[in-house]
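Visitor: I am new to reading structures. Could you take one part of this model and go through it slowly, together with whatever touches on it?

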Amino acid sequence: RMQLQSSGLGMTSNACTDFNHTVYYVSIGSEHVQEGLQVLSDVGFQPAFKPERVEKERAAVLSEAQMVNDCQYRLQTQFLSALHGDNCIHTRFPIGLEQQIASWSVE
């Protein structure tokens with residue numbers, strides 16, 4: 001990914017997660033579709049985690065968790081917990097559990 005960004009191809013990438021799935025995407029010019037697909041393949045099937053990237057992502061996710069942890073979010077989680085008490089949705093929200101995020105490692 002960094003190779004494509006630094007080589008002037010103008011690629012951007014990101015991901016988002018909800019209750020059902022995580023979506024990874026790249027935005028790249030049509031003349032570089034093959035390279036973009038290779039990046040997605042690498043992320044999905046041969047991920048490489050550098051320690052500094054894990055730390056940066058951990059900080060970003062924990063920061064996001066703090067930003068959404070307001071009264072409305074807590075009410076939503078209580079509502080969803082009551083609504084989905086008979087399935088697993090109420091036990092794990094998309095942001096994840098802070099203690100698990102804090103224990104991420106390169107492995």
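The guide takes helix 3 and then follows its contacts outward.

Guide: This is a predicted model, in which local features need pLDDT of at least 70 and side-chain atom pairs count only at pLDDT 80 or more, while totals for chains, interfaces and linings use all residues. Residues are numbered from 1 along each chain as its sequence is written, and side-chain values use heavy atoms, with hydrogens and water left out.

Start with helix 3 (helices are DSSP runs of H or I, at least four residues; strands are runs of E, at least two; both are numbered from the N terminus). Helix 3 covers residues 51-68. With 18 residues, helix 3 reaches 26 Å from its first C-alpha to its last.

Helix 3 has a buried side (buried: under 20% relative accessible area; exposed: over 50%; partly exposed: in between; 1.4 Å probe, protein chains only). Val54, Arg58, Val61 and Ala65 are the buried residues of helix 3. Viewed along the axis of helix 3, these residues fall within an arc of 70 degrees (by directions from the axis to the C-beta atoms), so they line one face of the helix. An α-helix has 3.6 residues a turn, so residues three or four places apart point the same way. On the face of helix 3 turned away from the buried side are the exposed residues Glu52, Lys56 and Met67.

Two of the buried residues lead to other parts of the model. Take Val54 to begin with. The C-alpha of Val54 is 7.4 Å from that of Trp104, although the two residues are 50 apart in sequence. Trp104 belongs to the segment after helix 5 and is partly exposed, at a relative accessible area of 33%. Ser103 also comes from the segment after helix 5, but Ser103 is exposed, with a relative accessible area of 52%. Between the C-alpha atoms of Ser103 and Phe19, 84 residues apart along the chain, there are 21 Å.

Now take Ala65, which helps to line the second largest pocket (an open set of 1 Å grid points over the protein atoms alone where a 1.4 Å probe fits, with protein on both sides within 12 Å along at least five of seven lines; lining residues have an atom within 4 Å of a point). Helix 3, helix 4 (71-83) and helix 5 (98-102) each supply at least two residues of this lining. Other lining residues include Val68, Tyr73, Phe93 and Glu98.

Phe93 leads on to a hairpin. The C-alpha atoms of Phe93 and Thr17 are 9.9 Å apart, with their positions 76 residues apart along the chain. Thr17 lies in strand 1 and is partly exposed, with a relative accessible area of 44%. Strand 1 (residues 12-17) pairs with strand 2 (residues 22-27) in the antiparallel sense over 6 bridges; pairing takes at least two DSSP bridges. The two strands form a hairpin, with 4 residues between them. Across it, Asn14 stands opposite Tyr25, and Cys16 has Val23 as its bridge partner.

Note on methods
The expected span of a helix is 1.5 Å times one less than its number of residues.
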